[in-house]
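Visitor: Mind walking me through this one? I'd like to start with the ligands and then move on to the chains.

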Amino acid sequence: GKPEKPPAAEGPTDESVEINISAAASLTDALTEIQAEYAKESNAVLQFNFAASGTLQKQIQEGAPCDLFISASKAHMDALQDAGLIVADSRRDLLGNALTLIAAAEKADAVTPEALTGGDVTSISIGTPESVPAGKYAQEALENMGIWDQIQDKLILAKDVRQVLEYVDTGNVDCGLVYKSDALLLKTGVVIGDLPEDSHSPIIYPSALIVNSAQAEAAAKFYEFLQTDYAKGVFENYGFTVL
Amino acid sequence: MNTYFNIKKKLEHFSIDIEYEFEKGVLVIQGESGAGKTTILNCISGLQTPDEGRIAFEDTMVFDKEAGINVPTRLRNIGYVFQNYALFPNMTVQQNIVYGIKNRPEYKDKDKKSELVMYSEYIMETFGIAHLKRKYPNHISGGEKQRVALSRAIVTKPRLLLLDEPFSALDQQTKEIVYKEFAAFKENFQIPTVLITHDAMESEMFADRRIVIKDGKIIEKLL
Amino acid sequence: MNTYFNIKKKLEHFSIDIEYEFEKGVLVIQGESGAGKTTILNCISGLQTPDEGRIAFEDTMVFDKEAGINVPTRLRNIGYVFQNYALFPNMTVQQNIVYGIKNRPEYKDKDKKSELVMYSEYIMETFGIAHLKRKYPNHISGGEKQRVALSRAIVTKPRLLLLDEPFSALDQQTKEIVYKEFAAFKENFQIPTVLITHDAMESEMFADRRIVIKDGKIIEKLL
Amino acid sequence: MWSPIILSLKIATIATVFSFALGVFFAYIINKKKMPGKNIWETILILPMILPPSVMGYLLLIAFGKRGLIGGFLLEHFGIQIVFTWMGAVIAACIVSLPLMYQNVKAALVSMDPIYEKAAQTLGSSEWKIFRTVTFPLAWPGIISGIVLAFARAIGEFGATLMIAGNIPGKTQTIPTAIYFAVESGNTQLANRLVLIMTIFSFVLILGLNTWLKRINYIGKQG
Amino acid sequence: MWSPIILSLKIATIATVFSFALGVFFAYIINKKKMPGKNIWETILILPMILPPSVMGYLLLIAFGKRGLIGGFLLEHFGIQIVFTWMGAVIAACIVSLPLMYQNVKAALVSMDPIYEKAAQTLGSSEWKIFRTVTFPLAWPGIISGIVLAFARAIGEFGATLMIAGNIPGKTQTIPTAIYFAVESGNTQLANRLVLIMTIFSFVLILGLNTWLKRINYIGKQG
Ligand SMILES: Nc1ncnc2c1ncn2[C@@H]1O[C@H](COP(=O)(O)OP(=O)(O)OP(=O)(O)O)[C@@H](O)[C@H]1O
Ligand SMILES: Nc1ncnc2c1ncn2[C@@H]1O[C@H](COP(=O)(O)OP(=O)(O)OP(=O)(O)O)[C@@H](O)[C@H]1O
Ligand code: MOO
Ligand SMILES: [Mg+2]
Ligand SMILES: [Mg+2]
């Protein structure tokens, strides 16, 4: 990493300060719930900016105001670290997630991890591996299961996890692989079950403070709050695992 | 074989209320500017609808308010020279003139059609606009436009001709030529014609009947 | 204080090549349809550009090909009645007529301006179009349009008047009225005028000079 | 790299053809035939522009999906699957570009002088012939403008296309989808190349249509 | 729920005002003043429609970011930050809706009869006055059409906005972003409500502009 500046001179914390937090879109609901609780403890105003991790990374690189970044993938955080934009020793693996097999309602009985190569399953949707973290993990898992090549013709690559859910919910694909936290949002589709943890490299949501932060101290305080038991409980309710 | 019209229509400053019948030949309508002459032609052609009344061509009813008859303009088989010509800006002079020929069912016949096309050539020649054939209306002079408009209206030999000041933009010399041709046309085809003109000489020359209107009413019937 | 024009311009079927000078009063241009009359007015007004030549109003040059002078139309201070009127469709009759008043720097003066506005009222009254004040051009008759166009051109009392068949759509009765008013205008303001007309009587009545053109050349100079 | 380009061209071209036909059709019947509920129809037509592409895509997925009303019908009776095929992309592109065609043609129709259509009626043309020979050619500049925008929107369409057609390389991957994933996966060079190609396309498109537009030069050369 | 609605309205309105001014300006100078390199200018103007919104957003981020040419300048000299503010959203919405304004106004200008502008020149109007009083009002149907489309595009804009303005609830979260994330987090009810509100907005917009358009009824009532 590059040399880091000392934390900026603090504003008075009892005054209302604004903390800018860029967070992966999949954390929207969990963080909004935590925000409400945090308002009782602190005067700091939390300004969340939710988007895909790749978008957030580009925004931070171009100097968009941000104090704390929670990414849905290791790669995007690594990129910022290489650019010297995060406070290296603040980086943590905040959350984990699992990869879940889901199926369209009419295929609920036919779909199992073993049946993916069979004739009953004609289409499988995953995120585009090059750009969607969940898709990358799905590819890994399918490769480790030794069926990646066999199912090529059945693959429908989606722009994001949300799209996989919609394909499954509308029955346009038979099944899909998504994060466990996302699978909770299914409407008509059904959850078949988590893939084994060792079928893919660990799914990690890294987080870190940003250098040149205008509100370093307040941001650090909120960052600590995210690691309290209360916050962990909220994250677990939304399907995340807490590391 | 009578042409008859009985037109009542409320305008902003006065009402049209007019009834007339004529068997054949040219009916000249005279009247002050704004008297309602163009409005009468529009009603006869079906482009405007009278509030009340009846209109008949050759004894077939094309409009009868009470009987609910209103034959659409395109089936009335008329030739209309508009006061401002209304030449199609997207067609050449020639295309404008032959435009109507294909539309008449009675000219479906190929021989009949080519006869009309030849007639259109002849008309362009005598009217002195043959050299403008391939020009667009926005690229010709005022008097040239007027002659194209007249050619377009007569070339299909319609059942009724409506001419709104069709010679007004022509110089004396050109007028003579067009007059002569129009007189021959009138003689040959005997198409009942309503002619609006402010020119005493034209009226003299062509009128078989003549009416003067003012504020939408006939104030004088001459001839 | 002479008006002078020397215009050379190639057209499709012939060339304009004309030179004329007159001191004041009305110059009538006659000529067959398509002879180039409108084109000459367009060149004098600056709407079309001659290939060669010079044009001067009251001895100030407004166009000189060789000297590279080409005063834009808006600064030539003319009044132009177009053959097809060209009334602004988005303005009422009254708005059309007063449109030019505010543009002349010499009428910036408030008194001068309200004098012209009063004059416009007077003109609308005498021309018999006062009751149409608030109507839009597409809602009035042909002859009414022509009177609006004439009013619009003369109301600013320009340095030069260009009139392209300004009375052609009027009936005899209305013509008399407009003639009379125009004669008074000519008398009062002494504005040099180029008038295109096909009417022998008009020519008789207004012409101080008269030329006949054919294929763009002067073939006769009368008076 | 070539497959998404060819696919994009094919999809955008077909979609533009359809939205052209539909846009002209709707603009004509809603504005010329005075359909009741005009504002409601226009709202429905404009919605695909206002709704986020992802929402549009979702609605299309519901309608054209296996369980959808249209998709289910097509699959059952004709064995045609729309989702995840290039036809899905055509439908998405057509629907999002339709508002552009519609509004442009509408503006052209509304500002057109109806006198030409009236003249065509007097010449006996059927409504369809009038549309083909008069209305359509006179609306041409507006239609061209609509085509430019519709094609641009169709070739740039991304969100809804991706949803209904998926991102299947060689089968449904269009240029914007390819750009999106190239950018997302950090393949800047490919992304830049594709953006450049899009730029060249639009230049050629605009050049072509402007040239075409210029050939229709019958308007605007009036003296 | 209200904050994204108010914000969206504010952003779309301001963006439409700007793209209106810029669209009319560019359409005028490119098409009326015969700017050289017309096709290149038009390609540049149309690009924001063709490029995927995420690419547009990225380009804007680079230009207006802290390190960007424009963004850096504004921040340094005026202390204005564009990224992550509603101003960023306005810029994004304005740029993506500009092509729509431009093309619509262009079509209106190209199909306009230049005789009215010529008439205004003869009456001494400056170019700016002609633009205000003649060109602009006559182009009005095309301009309205452009406004409808530009506003629709601005209020529906999502991809580029998200990139440059972010998705900060209460600060930069617009309706489309709110819909996207409501859908994303499975809050179908909120999403449906927001879609309904968008639909109502567009209905009101179209109703209002159609009424306005209808009041400009000077065109098309010709006899
Ligand atoms: N489209 C229209 N809408 C409303 N009023 C109209 C319209 N056209 C004409 N008028 C009015 O109706 C009256 C009759 O007009 P019309 O055009 O029939 O007169 P005209 O006898 O043909 O006159 P001119 O000899 O001047 O052409 C006039 O008062 C005119 O102002
Ligand atoms: N815009 C134009 N483009 C090309 N040629 C034109 C244009 N306007 C007129 N012409 C041609 O130029 C010649 C002169 O036209 P001009 O309009 O000057 O005639 P004019 O003397 O005014 O005739 P009229 O009495 O019929 O109005 C004609 O041959 C005409 O066809
Ligand atoms: O929106 Mo994310 O960055 O895929 O969780
Ligand atoms: Mg009349
Ligand atoms: Mg002329």
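**Ligands and chains**

Guide: Sure. The shell around ligand 3 has four nonpolar, two polar and no charged residues; here Ala, Val, Leu, Ile, Met, Phe, Trp, Tyr, Cys and Pro count as nonpolar, Asp, Glu, Lys and Arg as charged, and the others, Gly among them, as polar. This is a predicted model, where local features need pLDDT of at least 70, side-chain atom pairs count only at pLDDT 80 or more, and totals for chains, interfaces and linings use all residues. Residues are numbered from 1 along each chain as its sequence is written, chains are lettered from A and ligands numbered from 1 in the order in which they are written, and side-chain values use heavy atoms, with hydrogens and water left out.

Visitor: Which residues surround ligand 3?

Guide: A24(A), A25(A), S26(A), A52(A), S53(A) and A72(A). Being near a molecule takes a heavy atom of the residue within 4 Å of it.

Visitor: And how far from an oxygen atom of ligand 3 is the polar side-chain atom of S26(A)?

Guide: That distance is 2.5 Å. The side chain of S53(A) also has an N or O atom 2.4 Å from an oxygen atom of ligand 3.

Visitor: OK, switching to ligand 1. Which chains does it lie between?

Guide: Ligand 1 sits between chains B, C and E. Its surroundings come to 23 residues, and the closest are K37(B), T38(B), T39(B), S141(C) and G143(C).

Visitor: How does that shell split by class?

Guide: Five nonpolar, twelve polar and six charged residues make up the shell around ligand 1.

Visitor: Which helices supply at least two residues each?

Guide: α1 (37–45) of chain B and α4 (142–154) of chain C each do that for the shell around ligand 1. Helices are DSSP runs of H or I with at least four residues, strands are E runs of at least two, and both are numbered from the N terminus.

Visitor: What does chain B offer the oxygen atoms of ligand 1?

Guide: A side-chain N or O atom of T38(B) is 2.6 Å from an oxygen atom of ligand 1. Backbone atoms take part too: an N or O of K37(B) lies 2.7 Å from a ligand 1 oxygen, and a polar backbone atom of A35(B) is 3.2 Å from one. On its own, ligand 1 has 630 Å² of accessible area (Shrake-Rupley method, 1.4 Å probe), and the protein covers 89% of that area.

Visitor: Now the chains. Which pair has the most contacts?

Guide: Chains D and E, among the eight pairs of chains that touch. Contact means heavy atoms within 4.5 Å.

Visitor: How do D and E relate?

Guide: A turn of 180 degrees with a shift of 0.0 Å along the axis lays chain D on chain E with an RMSD of 0.1 Å. That is the relation of a two-fold axis. The superposition is by least squares on the C-alpha atoms of residues with pLDDT of at least 70 in both copies. Both copies use the same surface, as 98% of the contact residues of chain D recur in chain E.

Visitor: Which residue of chain D comes closest to the axis?

Guide: N104(D), whose C-alpha is 3.2 Å from the rotation axis.

Visitor: Where does chain A stand relative to B and C?

Guide: No contact joins chain A and chain B, with their closest C-alpha atoms 49 Å apart. Chain A does not touch chain C either, and the nearest C-alpha atoms there are 50 Å apart.

Visitor: How many helices and strands in chain A?

Guide: Eight helices and eleven strands. The C-alpha atoms of chain A fill a box of roughly 65 × 35 × 25 Å along the principal axes.

Key
Polar contact = N/O pair within 3.5 Å; in protein donor to acceptor, adjacent residues only side chain to side chain.
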